[in-house]
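Notebook open, structure loaded. I want to go through it piece by piece and jot down what I look up.

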Amino acid sequence: MPGIIDAACTLYSHHGVADIAAARADAINLTTTTDAILHAIQRAKTQSQHIALFITGIPGAGKTLCGLNAVFGTGREANAIFLTGNPTLVHVLREALARDAANGDRHVMRAARQRTKTSIQALPAFRDEYVRKVETTPPEQVAVIDEAQRAWSSAHAIRKSVDRPVPLTDSEPGHLLEIMGRHPDWAVVVCLIGNGQEIHDGEGGLAEWGAALAAQPKWQVLAAPATLTATDPRQLLPTLPGMQVLPALHLDVPMRSLRNSAAAPWVDAILEGRISDARHIAETRGPIPFVITRDLDALRAHLRLTARGNRRAGLVASSGAKRLRAEGLGSELAHMDSGAVARWFLDHWPEDVRASDALEQIATEFSCQGLELDHVGLCWGGDLVRTSGWQVRDFIGTKWTLPRGAEAIANRFNTYRVLLTRARYETVIWVPRGDAGDRTRQPSELDLVADYLLQCGAKMLTELATGPSAEPAMAQPILV
């Protein structure tokens with residue numbers, strides 16, 4: 001399977017998701033969900049309906065790919081738009097599509113970049129545009145909303161926008177449904193749901209979508225079964241009048257992790273403290289694509305060795321891992337800098353030292369969520385350590401403090417879930433050794449993290465066979 005960037009370029013050139021899924025024999029789930037989305041769009045058009053779809057799936061299962069297919073693929077809608085609150089995803093996809101369309105011709109690059117802006121937009125900009133223009137109906141009748149569960153709750157939206165040029169009066173789901181509902185004939189909102197991906201305060205979850213839909217009953221709801229069974233109340237969609245539950249709207253086959261489909265459940269188990277479950281996954285479905293090192297130089301050397309050919313490597317870390325600066329890792333990729341983000345994900349080292357595989361700049365969860373690398377070097381921070389269990393911490397001033405509030409703690413676990421599920425082939429986790437003379441980097445705390453991951457079934461990097469990987473380097477497929 002190609003990566004999300006290559007896949008987007010394929011779809012943009014009028015291919016369909018079936019062409020991509022053909023690379024994996026087990027990808028039937030991907031085409032089934034895509035067909036269900038396209039069928040719902042056709043139903044809305046022919047029966048003059050307003051339909052909201054909720055697509056769920058495990059990390060890396062292809063939710064974004066299904067959404068992009070509705071905008072760019074063979075079943076594309078001329079009046080469809082892809083909306084995301086993730087600025088990094090906007091920057092990288094726009095630039096990748098423009099570069100691919102321009103095919104190296106600098107003279108057409110500007111026009112190509114402008115064209116991609118109409119199809120891929122930042123959700124806040126789209127929202128504000130039509131909240132301000134209350135009498136205007138957007139030209140697009142299909143809106144695909146990436147990571148829709150991360151939309152702002154009503155209280156957060158009102159509080160955050162009170163002093164902004166466009167103050168909000170409702171939740172983001174409420175505003176988006178009202179905006180798309182201005183179409184008198186038909187409209188479709190496709191909500192892509194990635195539970196466990198919430199990393200900001202104020203992200204309202206599916207409960208906020210449920211409240212918005214209850215207030216605007218003209219919308220018919222088609223939802224995956226997982227939307228009704230979540231244990232977190234924020235991520236539970238209420239049963240709404242006329243709701244249809246469709247198993248085809250859930251993606252459970254991992255497309256991102258190419259070496260082992262057990263990567264996502266293993267990550268869930270370690271973050272939830274289920275040592276025996278994690279160990280069982282590693283022993284029965286292994287080898288899992290996670291290795292541990294305590295040596296930063298060894299991490300870089302291993303990534304240089306394994307990320308050969310067209311494979312891309314990069315360093316990632318939690319935005320809360322403030323004391324990695326003491327280890328010499330203080331250069332953080334500015335996730336709001338569109339040029340810097342595009343270079344990190346799309347350019348190559350050694351031609352460009354700003355590229356990810358230079359292994360110099362660290363991407364945080366805000367920079368890499370929604371995207372992927374072939375090989376990831378995860379630099380573990382002191383913001384998530386082991387005592388009798390996991391302990392979440394914030395670094396404030398000169399010391400670590402304990403955060404208040406369940407949402408802040410949940411978001412930190414989600415941060416590490418995002419970082420641990422970015423790799424297509426392998427994640428090398430570097431746990432620093434710390435410094436006994438620095439109370440903010442105590443070796444005992446970091447040793448417990450490394451020991452825990454090993455108990456859960458990860459292997460030490462030194463246990464792996466030395467020399468080049470037995471697996472041949474794979475060039476990215478030439479898709480367009």
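First, a term I need: I call a residue buried under 20% relative accessible area, exposed over 50%, and partly exposed in between (1.4 Å probe, protein chains only). My helices (H or I, at least four residues) and strands (E, at least two) are DSSP runs, numbered from the N terminus.

Housekeeping: this is a predicted model, where local features need pLDDT of at least 70, side-chain atom pairs count only at pLDDT 80 or more, and totals for chains, interfaces and linings use all residues. Residues are numbered from 1 along each chain as its sequence is written, and side-chain values use heavy atoms, with hydrogens and water left out.

**Entry: helices 4 and 6**

I looked at helix 4 (residues 63-72), and 10 of its 10 residues are buried. The buried set includes polar names such as K63, T64 and N69, alongside L65, L68 and F72.

Which residues of helix 6 (residues 106-119) are buried? I get M109, A112, T116 and S119. Looking down the axis of helix 6, I find these buried residues within an arc of 85°, so they line one face of the helix; the arc is that of the directions from the helix axis to the C-beta atoms. On the face turned away from the buried side of helix 6, I find the exposed residues H107 and R110.

**Entry: strands 9, 10, 12 and 17**

Strand 12 (residues 373-379) has seven of its seven residues buried, so it is largely enclosed by the rest of the structure. For strand 17, eight of its eight residues are buried.

I count two strands as paired if DSSP finds at least two bridges between them. Strand 12 runs parallel to strand 10 (residues 313-317), with five bridges joining them; there L315 has G377 as its bridge partner. Six bridges join strand 12 to strand 17 (residues 423-430), again parallel. In that pairing L378 stands opposite I429, and L373 stands opposite A423. Strand 17 also runs parallel to strand 9 (residues 290-293), through four bridges, with T427 as the partner of F290.

**Entry: nonpolar cores**

By nonpolar core I mean a set of buried Ala, Val, Leu, Ile, Met, Phe, Trp, Tyr and Cys residues joined through side-chain atoms within 4.5 Å. The largest one has 84 residues, and L53, W266 and W380 touch the most other members. Apart from it lies another core, of 34 residues, including I81, V166, L177 and L213.

What does W266 touch, leaving aside neighbours within four places in sequence? Counting contact as heavy atoms within 4.5 Å, I list A278, I281, A282, I288, F290, L453, C456 and A458.

**Entry: backbone oddities**

Most residues other than glycine have a negative phi, and most peptide bonds are trans. I therefore checked the exceptions here, starting with the cis peptide bond between W349 and P350, with omega about 10°. P350 is in the loop between helix 14 (338-346) and strand 11 (362-363).

L359 is in that loop too, between helix 14 and strand 11, with a positive phi near 60°. L359 is buried, at a relative accessible area of 2%. S48 also has a positive phi, about 50°, in the loop between helix 3 (28-47) and strand 1 (50-57). At 49% relative accessibility, S48 counts as partly exposed.

**Entry: salt bridges**

My criterion is a side-chain nitrogen of Lys or Arg within 4 Å of a carboxyl oxygen of Asp or Glu. How many does the whole structure hold? The search gives 23.

E283 and R279 form one, with the closest N and O atoms 3.1 Å apart. They are four residues apart in helix 12 (residues 275-285), about one helical turn. E283 is exposed at 56%, while R279 is partly exposed at 33%.

E445 pairs with R393 at 3.2 Å between the closest N and O atoms. E445 sits in helix 17 (residues 443-455) and R393 in the loop between strand 14 (390-392) and strand 15 (394-396), so the pair ties together parts 52 residues apart in sequence. R393 is buried at 6%.

R412 and D394 form another, with the closest N and O atoms 2.6 Å apart. Last note: R323, E327, D435, D438 and R441 are linked in a salt-bridge network.
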